[in-house]
Structures are given as C-alpha cells and as structure tokens.
Amino acid sequence: MTAEKSRKNAALLTPEEMAAADRLTIAAGVPGIVLMERAGQAVARAALKLGAPGGAVLVLCGPGNNGGDGFIAARCLAAAGYRVETRLLKAAEALKGDALEAFGRMDMAALPLLKDDRIADDAAEALTRADLIIDALFGAGLDRPLQGGAAELVEAVNRSGKPLLAVDLPSGLNGADGAVPGVAIKARATVTFFRQKPGHLLYPGRALCGEITVADIGIEASVFDQIAPDTFINGPDLWLEAWPRPDPAGHKYSRGHVIVFGGPVTATGAARLSAGAALRAGAGLVTLASPPDAVMVNACHLTAVMLKKLAGVEAIADLLADRRLNAVLIGPGFGVGDKTRAAVTEILKAGRATVLDADALTSFATCPDALFAAIKDNPEPVILTPHDGEFARLFPGLEGGKLCRARNAAAKSGAVVVLKGPDTVIAAPDGRTAINRNAPPWLATAGSGDVLAGIAAGLLAQGVPGFEAASQAVWLHGEAGREAGPGLSAEDLASALKPAIRTLVEKTGQG
Ligand SMILES: NC(=O)C1=CN([C@@H]2O[C@H](COP(=O)(O)OP(=O)(O)OC[C@H]3O[C@@H](n4cnc5c(N)ncnc54)[C@H](OP(=O)(O)O)[C@@H]3O)[C@@H](O)[C@H]2O)[C@@H](O)CC1
Ligand SMILES: Nc1ncnc2c1ncn2[C@@H]1O[C@H](COP(=O)(O)OP(=O)(O)O)[C@@H](O)[C@H]1O
Ligand SMILES: [K+]
C-alpha cells in the first residue's frame with residue numbers, strides 16, 4: 001500500500017468534512033438514500049451481534065438523517081425476525097429528504113417518544129420491554145446541548161441498563177471534538193461510517209462509544225482529493241514511511257547522537273530514564289550531561305549511556321560545538337528557573353533538533369513568547385511535550401477542546417506540541433494533528449513522560465521529521481505500556497519498546 005493510501009486510512013473526519021464526503025459522493029452519482037440504506041444495514045448487522053435473535057429492539061429516531069439510518073435498521077431487523085418498535089422524537093411530519101424516504105420504506109408505525117416535552121408513559125414502558133436499544137437520535141447534525149424531553153430521554157435510556165447501540169455517534173456527543181455539552185448516550189457499541197470522527201477518540205466522547213465499527217457505505221477515498229483532512233489516528237498508517245531505516249553499512253554515528261541535559265544530584269533519575277529510552281528508540285549514541293556532583297550518581301546507574309560533566313550553562317555552547325550531537329533533550333529533573341531558561345536558550349541557539357519537556361517548559365511560564373521566538377529561530381524541529389498543567393502554564397489563554405488547543409499551541413510556538421494524557425494529541429505548526437488511542441491507563445505513572453521525551457529525542461537523532469518523530473514516540477510509548485502491562489513502573493518501559501520496534505522494522509521490510 002502506498003504511503004498516501006495508508007494516510008487516507010488513518011484520516012479522521014469532522015462532521016463538516018463527512019458531510020462534504022457525502023455531498024461529493026452524491027454528486028458523483030450515488031443517491032443519498034443509497035448511502036443511508038448501506039448505513040442502516042450496517043447498523044442492523046451490528047445489532048445482530050448485540051441482541052439475541054428474535055429479541056425486542058427499540059429504535060429511537062431523531063428528526064434528521066441519523067433517524068433515517070434508524071428507520072432502515074428497524075426495517076432490516078424486523079425482516080430478520082426481531083420484534084422491532086420504532087419511536088420518533090419529533091412528529092413524522094417534520095421528516096424530510098432521505099430520512100422521509102427511509103421512513104416510508106420502513107412501512108411500520110412509529111409512536112412518539114415525548115408528550116408535552118416529557119417522556120411519554122408508553123415510551124417509558126417500551127424502554128423497559130427492550131432487549132436492545134438503538135440510538136438514532138442525533139449524529140453529525142448535533143449543534144447544541146440536548147435539553148428538555150430529549151435530555152430526559154437520554155438519561156432514562158442510560159439508566160435503563162439495556163445494551164445501547166449508537167448510530168454514528170452516541171447522541172449528545174460532538175463528533176468534532178469529543179465534547180459533551182449537555183447529556184449523552186453511553187453506548188455499548190457505535191457504528192460509524194467511512195471514517196471515524198475525532199469525537200470517537202477524544203475524551204469524554206471516547207468513553208461513551210463502546211466498541212466502534214467503521215462501516216463501508218461506498219464513499220470512495222478519492223473524496224480526500226478535495227477534502228484534504230488534517231487530523232489522523234496516530235499509528236503506523238500515518239507515519240510508517242518515515243520510520244528510520246538504519247544504513248546496513250552504517251555505524252553508530254550515522255544513527256545519531258542524543259545529548260540529554262540532566263539535573264542536580266538530588267534529581268538525577270528523570271534524565272536517566274530519558275537517556276535510556278533514547279538509546280532504545282534507536283539513537284546510535286546517547287550522552288547524559290549533568291552537573292559535576294551528579295555525574296557519579298549517574299555513573300552508578302548507567303552502562304551504555306555515556307556521561308559528561310557540565311560545569312554550567314556557559315559550557316553548553318562549547319559542548320554543542322560538536323555537530324555530531326544532533327539531538328538534544330532538556331527538562332526532566334533539570335529544575336525550574338533562570339538557569340533552565342538560559343540553558344534552553346543556548347540549546348535552541350545551537351540549532352539542533354530538540355525536545356523540551358517538564359521543567360524546560362515550566363521555566364518559561366513567565367515569558368513564553370521568548371521561548372517561541374527562540375524556537376522559530378532554530379531551523380531544526382522542536383518538540384514540546386507538556387501535560388495539561390504544563391500546557392496551561394505555557395499557553396495561558398488557549399482554551400477549547402484538546403485538538404484545538406494543541407493545534408493553536410503548535411501554530412503559536414512553531415514547535416510540534418504533544419499534549420499528553422489518555423488521548424494524547426500531537427500537533428504540527430502546519431496544522432496536521434494526530435490523536436493517540438493505544439495508551440493504557442497504567443502509563444500514568446511517575447517518570448513515564450520522561451521516557452516518552454527520550455523516545456522522541458532518539459527518533460529525532462535518526463533524522464525523523466518533528467511531527468512524525470513525536471507521533472511515533474507517542475505510539476511506541478503506548479505499545480510499550482501495553483507490553484509492560486499493569487503494574488509497570490517507568491523503568492520497565494524502555495525495554496518493553498522492543499516488540500513494537502521489531503514490528504515496525506518488519507513492516508518496513510528491514511527484518
Ligand atoms: N454524511 C453522510 O455521509 C451520511 C450521513 N448519514 C447519517 O446522517 C447523520 C447526519 O444527519 P443530519 O445532518 O441530518 O443530522 P442529525 O444528526 O440527524 O441531526 C440533525 C437534526 O437534529 C436537530 N438538532 C440538532 N441538535 C439538536 C439538539 N441539541 N436538540 C434538538 N435537536 C437538535 C436538527 O434540527 P434543528 O432543530 O437544528 O432544526 C436536525 O433536525 C449522520 O450522523 C449519519 O447518521 C448516513 O445516512 C450515511 C451518510
Ligand atoms: N489515563 C491515561 N491513560 C494513558 N496514558 C496516560 C494517562 N494519563 C497519563 N498518561 C500518559 O503518561 C505519561 C505521563 O507523563 P507526565 O505527566 O509527564 O509524567 P512524568 O512527569 O511523571 O513523567 C504521558 O505520556 C501521558 O500521555
Ligand atoms: K446517534
């Protein structure tokens with residue numbers, strides 16, 4: 001598969017982009033009702049997996065095309081022998097277009113869900129009778145919080161404890177950013193169409209989707225020629241092409257040399273975790289530079305990582321006169337304050353691919369613009385790896401959803417921004433973003449971020465471009481977390497990178 005085709009597989013579409021894909025497909029000659037038929041049939045297939053044959057299925061249909069998919073699913077499930085009851089949120093007279101056509105094709109009565117903007121008594125009884133509930137209330141067209149009877153209904157459905165299958169998106173969830181502005185359905189499974197939406201991957205939305213199926217409804221990938229999405233699922237489909245391939249005739253210097261700047265004698269562990277991870281990520285050499293009194297502590301713990309004494313910030317320029325040191329990492333355990341600001345400024349002046357983490361970020365809380373100016377003057381890629389707290393300190397005033405905050409931060413700083421968490425977002429200054437989904441919760445442990453920063457530096461040293469290096473690092477970190485498993489501590493992560501690295505090496509045909 002070509003890299004271009006793989007990237008299209010990894011694309012995530014906002015509701016607007018999905019609507020454009022729909023329009024382009026219709027304009028190319030596939031009627032909207034045909035797309036809706038395929039969508040509804042895919043929902044029915046998913047329902048077959050959730051509900052016992054012949055069981056009672058309640059299909060809740062909203063006023064738009066999401067409801068239309070529900071009518072098709074209802075018809076298919078009735079034909080398959082299920083006892084199907086369809087209920088409408090708004091009067092049937094409000095239906096139009098493809099949804100009206102789908103309603104007509106269903107040829108089944110559909111009673112109202114609400115009476116005087118409250119759940120109708122007989123609708124409440126229908127919830128109790130159902131073995132499976134299909135949520136076809138709202139999908140891509142949701143544009144405000146659910147209120148009144150619709151909100152009450154969603155809460156009652158959630159309380160019912162019945163298996164819930166959501167059509168496209170759990171109703172109440174914003175597909176563009178994963179936000180839930182009011183209440184939302186908590187589904188056991190979700191069937192979406194053509195490609196996933198950012199809201200399926202970003203919290204809180206991600207927790208509401210259950211198992212996600214992406215159904216092919218006949219939209220061709222050629223629509224991407226006009227839509228050009230810039231948000232992706234983070235994984236090999238997005239960046240395998242950029243995975244470093246060591247020259248078989250090369251040597252350690254041709255795999256890059258990372259220098260990690262470590263902290264004082266009382267805080268040496270973080271930089272050691274980073275240095276070890278940079279080596280595992282494939283850098284040919286890694287040197288840990290630390291204050292003279294910390295060198296001995298580091299020496300007691302390290303073997304393959306080399307050591308250097310750093311007398312003071314003034315010594316950084318001399319050290320970096322050696323151009324073979326081609327990637328720099330500073331921040332973990334370095335300490336917060338003037339000295340760190342000065343060190344970061346010297347490093348960025350030296351024009352190296354750089355990862356700034358932890359204290360290197362916090363030290364600029366009082367003067368973020370000075371940092372951004374220095375980043376923009378550095379011709380090599382810079383990666384920032386803040387968690388939410390560090391992000392808020394460095395980018396005060398950037399608000400909104402995680403995707404939007406990360407994207408704006410990358411544009412503002414000129415760096416690739418890795419906004420960490422269970423749904424880490426990686427954003428490039430050119431607008432590309434990736435959302436990560438493979439990180440297990442046991443990665444939330446002290447030192448785990450130091451390892452991530454080290455992996456990123458190791459990849460930069462091998463010449464991987466900034467956005468790809470950051471995305472690969474986040475994905476590898478997630479895989480290592482899964483490999484090490486529950487009970488891991490950050491020390492376990494670097495060696496747990498090996499199976500994922502082996503998989504990538506094999507995928508790129510180097511194995
Ligand atoms: N695109 C495609 O390729 C394909 C799309 N397909 C399907 O179409 C779905 C999108 O359909 P859609 O655009 O009609 O929007 P949908 O989610 O049904 O909601 C719109 C309705 O809700 C209303 N409304 C909105 N917010 C509200 C609120 N908070 N509270 C109350 N009302 C609210 C709004 O009315 P308003 O009151 O704003 O006038 C409007 O009537 C998509 O998710 C997928 O399932 C498939 O068939 C396959 C092909
Ligand atoms: N709930 C979670 N699920 C998965 N990964 C998480 C979760 N919470 C945090 N992480 C990941 O754990 C790492 C923690 O990094 P950080 O907060 O910098 O910790 P530290 O400074 O102790 O190294 C980040 O890579 C983050 O994405
Ligand atoms: K829905």
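Two strands pair if DSSP finds at least two bridges between them. With that in hand, let us walk through this structure, which is a predicted model.

**Strands around S8**

Strand S8 (residues 189–193) is a good place to start. Four of its five residues are buried, so S8 is largely enclosed by the rest of the structure. S8 pairs with strand S7 (residues 164–167) in the parallel sense, over three bridges. Five bridges join S8 to strand S9 (residues 211–215), and these two also run parallel. Ala-189 of S8 has a partner in each of these strands: Leu-165 stands opposite Ala-189, and in S9 its bridge partner is Glu-211.

**Strands around S2**

Now for strand S2 (residues 83–88), where five of the six residues are buried, leaving the strand mostly covered. Strand S1 (residues 56–61) runs parallel to S2, joined to it by six bridges. On the other pairing, S2 meets strand S3 (residues 110–112) over three bridges, again in the parallel sense. Which residue of S3 is the bridge partner of Arg-87? That partner is Leu-111, while Leu-60 stands opposite Arg-87 in the pairing of S1 with S2.

The connections between these strands run through helices. S1, helix H4 (residues 65–79) and S2 make a right-handed β-α-β unit. From S2 the chain crosses through helix H5 (residues 97–106) to S3, and this β-α-β crossover is right-handed.

**The two ligands**

Helix H4 turns up again at ligand 1, where it provides the largest share of the shell, five residues. Helix H2 (15–27) and helix H3 (32–50), like H4, each supply at least two residues of that shell. For ligand 2, helix H19 (residues 448–461) gives the most to the shell, with four residues. Here are the two shells side by side.

| Ligand | Residues around it | Closest residues | Shell by class |
|---|---|---|---|
| Ligand 1 | 29 residues | Asp-22, Gly-64, Asn-65, Gly-139 and Gly-141 | 16 nonpolar, eight polar and five charged residues |
| Ligand 2 | 18 residues | Lys-420, Pro-422, Ala-439, Ala-444 and Gly-449 | nine nonpolar, seven polar and two charged residues |

**Two domains and their contact**

The domain assignment of the protein gives domain 1 (3–229) and domain 2 (252–507). Their centres, taken over C-alpha atoms, are separated by 41 Å. Nine residues from domain 1 and eight residues from domain 2 take part in the contact. On the domain 1 side, the residues touching domain 2 comprise six nonpolar, one polar and two charged.

**A look at Phe-232**

Phe-232 has its place in strand S10 (residues 231–233). Is Phe-232 buried or exposed? Phe-232 counts as buried because it has 23 C-beta neighbours inside 10 Å, and the cut-off for buried is 20 or more. Leaving aside neighbours within four places in sequence, Phe-232 is in contact with Arg-7, Ala-10, Ala-11, Leu-12, Leu-238 and Ala-434. Ile-426 lies 194 residues from Phe-232 along the chain, and their C-alpha atoms are separated by 9.7 Å.

Terms used. Residues are numbered from 1 along each chain as its sequence is written. Chains are lettered from A and ligands numbered from 1 in the order in which they are written. This is a predicted model: local features need pLDDT of at least 70, side-chain atom pairs count only at pLDDT 80 or more; totals for chains, interfaces and linings use all residues. A residue is buried if 20 or more other C-beta atoms lie within 10 Å of its own, exposed if 12 or fewer, and partly exposed in between; C-beta atoms are placed from the backbone. A crossover is right-handed if, with the strands pointing away from the viewer, the path from the first strand over the helix to the second runs clockwise. A residue is near a molecule or strand if its C-beta atom, placed from the backbone, lies within 6 Å of it. Ala, Val, Leu, Ile, Met, Phe, Trp, Tyr, Cys and Pro count as nonpolar, Asp, Glu, Lys and Arg as charged, and the others, Gly among them, as polar. Domain bounds come from an automatic or database domain assignment. Two residues are in contact if their C-beta atoms, placed from the backbone, lie within 7 Å.
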